[in-house]
Amino acid sequence: MTEIKDFPASARAVIIGGGIVGCSTAYHLGKLSWKDIVLLERHKLTSGSTFHAAGLVGQLRTSANITQLLGYSVKLYNTLEQETGLATGWKMNGGLRLACNQDRWTEVRRQATTARSFGLEMQLLTPAEAQKLWPIMDVSDLVGAAFLPTDGQVNPSDIAQSLAKGARMQGVRICEDTTVTGIEIEDGKIKGVQTNRGRIECAIVVNCAGQWAREVGRMAGVNVPLVSVEHQYMVTEPIPGVTSGLPTLRDPDRLTYYKEEVGGLAWGGYEPNPVPWAVDGFPANFNFQTLQPDFDHFEQLMIQAIARVPALETAGVKTLLNGPESFTPDGNFILGEAPELKNFFVGAGFNAFGIASGGGAGMVLAEWVANGEPPFDVWPVDIRRFGTPHFDTSWIRRRTLEMYGKHYTIAWPNEEHHSGRPCRRSPLYDRLAKQGAVFGEKMGWERPNWFAGPGEEAKDIYSFTRPNWFAAVGREHKATREAVALFDQTSFAKFMMVGRDAEKALEWICANDVSKPPGALTYTQMLNKRGGVECDLTVCRVAQDKFYIVTGTGFVTHDFSWISRNIPEGLHASLVDVTGANAVLALMGPRARDVLAKVCSDDISNENFPFGSFRQIGVAGAPVRALRVTYVGELGWELHIPVEYAVNVYEALMAAGADFGIVNAGYRAIETLRLEKGYRAWGSDIGPDHTPLEAGLGMFVKLKKDTPFLGRAALEKQKAGKLPKQMCAFTVDDPAITLLGRETIYRDGERVGWLSSGGYGYTVGKMIGYGYVRNKAGVDKDYLLSGRFELEVATVRTPCQIHLGPLYDPKMERIKS
Ligand SMILES: Cc1cc2nc3c(=O)[nH]c(=O)nc-3n(C[C@H](O)[C@H](O)[C@H](O)COP(=O)(O)OP(=O)(O)OC[C@H]3O[C@@H](n4cnc5c(N)ncnc54)[C@H](O)[C@@H]3O)c2cc1C
């Protein structure tokens, strides 16, 4: 290794990768006045995926905050050229999206409402109006279209260079021809990076290495679940009728997209049979390179494109570009601080929308680096959404290829994916499958969603209205409300916090009081310093120095990382993940006690075993930790069972329950039951941007106790004033309406928010939605009760009722019985 004189010996932070994401992160760290930032690019800026992108910039996603992130890109691209003097090719010529069948049209209309919810204008057009904007397309098969006027396009290399110039203007040092070969870690802390030009001492590393980010992550023991896939687009010679102001066009039913380029079209698409790349490793020196064009593979898209744009049949072809790009198992990019290593940040896996995301992703990442947290909740792209299934590259590849193939398919409500399954199975999997279970998948776990009865096909058939499982879920719901049901919730994440300071640590991290005697169970949130809800879980005090913590399946990595990172320095407390050790059966319903009493000799009376406590009991010969808690709003127990006993306990409960009408029930029933009861779901109803006070969970916060806890100051401040938003329930009487979440909330004709979740409540017999009502001047009971509310569903407004409390059992009589 040759030392080079002017090479920096140290830096405050090192960014690896000079594509759009690395350049944007450098630009934004510079803007935050960070000094001594070094960006290392192994070849030249933009030489990875960035130089060969097509350059479409769309904004709308299914999450408000990710849409906001992309909207930030647009704002930045609007002004960047002015700031740096380097042209970006940015044109805000709008984006068209076509619909060729009724289901797609429903999806597009719902997207238009989602856009409105998030503050983006999206207009619906007739086929003739769409054709006016895009004269050279055939519209004979169109049902309708939507137009987003603020979408646009850029020249990808130019925008990255412009960001790099902006970064340099802030003092960022950019070193090209510098390959990072290793990350130095000592005692779990980053000490520096090694490169072909020497070593740089630093404590913070940002991995923006595109499709190489998995390799760079490995240097630091960090898992970055992405793989490379070939992606092709064609550039044509000029075509009459293609003007420079032509909007971008997405034609999902024909799997293709289009943008104007020098009077011709750059167009490509997402084929259902994608081709993975670099399966056996990356070729050396793959810089500024593309792959051999594959005309045979592209032909399926060509047929679709010619049907839409007949001029393509005769247009001259300048090139068919085949460029590899990194894709992820859920189609979203990867952002944030790695759970495995503090101060190691990742911004990678951009699924062919890295140009559109680059501006916003760099801003979020820079703030994350500078402040230790993102500026707003970015859970859909947060690196902590992954877990153990996402370690194995072949599993990642299988799921990623499925997601690539679904890029333009209709995104159905409750849609499940099929590749790489089954991955993780509860010991009851085969038994439940034999009884008609239709499984869904979360964090690799197979989980029963619903049970098909005789004559029902055990398979999801999706719909934007009533899907085929509607009646089956209704049966499970009714059994839970009127008799008893058994739910296999083995996939729950479970941790053990141990150590003589465990109580002290949890008292700091938890918003609720967990300093109770052994046997107590506490539902609590864990807050960030803004008072936002980072975790929502149950803490059981097992012993003086031992707590058992139960949280949602999908939050295992996130919550483990949040809790362990927030144990105050010097305290004797550590966290262990025990998810795989225990199966969980939730026995829920008014007859739950009758069933449990038949297989257990312990005293499970309400007096001895009240709601909010847990006991170690014996069930059918098994040592069971029984938690008197519920997420469905009925009397019941969550039974945590060492896995090797799970089958025995299941069989005993089903046999004992036969006299009481016990049924197997699944996650879709849990969802409708919890909606009626008003239990919040983390990730949709609650999250880092919402405080417990706004979410209506103030009674679970120990503000009356004089104990410091993380987030307390923010809550006290908020409590002293008016809330800027408040979560409410809404019901709709019209049986033709389906609420799914993201519908717009109107108060007296003004847009005041959107639904965070929605679904049917079988006991109340209505569609239910939850959402925050927002008002800058503050939201209180009077404001809520004095308004006339409507919901916009698929662009149509419908009257609704607002409710400030639970729709079912508001006095908690049933769960405390
Ligand atoms: C054919 C095609 C069309 C596309 N069209 C669009 C589009 O229309 N709109 C859109 O938004 N997106 C599009 N994309 C996606 C877009 O190109 C990418 O998402 C984006 O460029 C990713 O940027 P990045 O900075 O993450 O990665 P890259 O641009 O790949 O940058 C990563 C950099 O890291 C460097 N690096 C790797 N390892 C090391 C190391 N060890 N040391 C130092 N440096 C290292 C690499 O040399 C590379 O320059 C398209 C992609 C393809 C393939």
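Two strands are said to pair if DSSP finds at least two bridges between them, and helices (H or I, at least four residues) and strands (E, at least two) are themselves DSSP runs, numbered from the N terminus. The structure above is a predicted model, in which local features need pLDDT of at least 70 and side-chain atom pairs count only at pLDDT 80 or more, while totals for chains, interfaces and linings use all residues. Residues are numbered from 1 along each chain as its sequence is written, and side-chain values use heavy atoms, with hydrogens and water left out.

A good place to begin is a hairpin formed by β30 and β31, which has 2 residues between its strands and in whose turn A620 has a positive phi of about 50 degrees. Strand β30 (residues 614-619) runs antiparallel to β31, and 6 bridges join them; across this pairing, V619 has A622 in β31 as its bridge partner. Strand β31 is also joined to strand β32 (residues 636-642), again in the antiparallel sense, by 3 bridges, and here R625 has H640 in β32 as its bridge partner. Of the 6 residues of strand β31 (residues 622-627), 5 are buried, so the strand is largely enclosed by the rest of the structure; buried means under 20% relative accessible area, whereas exposed means over 50% and partly exposed lies in between (1.4 Å probe, protein chains only).

Burial is also a feature of strand β20 (residues 344-348), where 5 of its 5 residues are buried. Both of its faces are covered, with F344, V346 and A348 buried on one side and F345 and G347 buried on the other. Strand β12 (residues 205-207) runs parallel to β20 and is joined to it by 3 bridges, with V206 standing opposite F345. Strand β19 (residues 334-337), in contrast, runs antiparallel to β20 and is joined to it by 4 bridges, with L335 standing opposite G347. The hairpin of β19 and β20 has 6 residues between the strands, and in it N343 takes a positive phi near 65 degrees.

Elsewhere, an open sheet of 3 strands follows the order β9-β10-β11 with antiparallel pairing. Its edge strands, each of which pairs on one side only, are β9 (180-186) and β11 (198-201), and the twist from one strand to the next averages 25 degrees (axes are lines fitted to C-alpha atoms, for helices over the stretch in contact, and angles run from 0 to 180 degrees between N-to-C directions). Strand β10 (residues 189-195) pairs with β11 over 4 bridges, and one of these pairs Q194 with R199 in β11.

The last stop is the ligand, around which there are 37 residues, with E41, S49, T50, E325 and A356 coming nearest; a residue is near a molecule or strand if one of its heavy atoms lies within 4 Å of it. This shell divides into 19 nonpolar, 15 polar and 3 charged residues, where Ala, Val, Leu, Ile, Met, Phe, Trp, Tyr, Cys and Pro count as nonpolar, Asp, Glu, Lys and Arg as charged, and the others, Gly among them, as polar. At least two residues of the shell come from each of α1 (20-31), β13 (227-236), β18 (317-327) and α8 (354-371). An N or O atom in the side chain of T50 is 2.5 Å from an oxygen atom of the ligand, and a backbone N or O atom of R42 lies 3.1 Å from a ligand nitrogen atom.

Key:
Polar contact = N/O pair within 3.5 Å; in protein donor to acceptor, adjacent residues only side chain to side chain.
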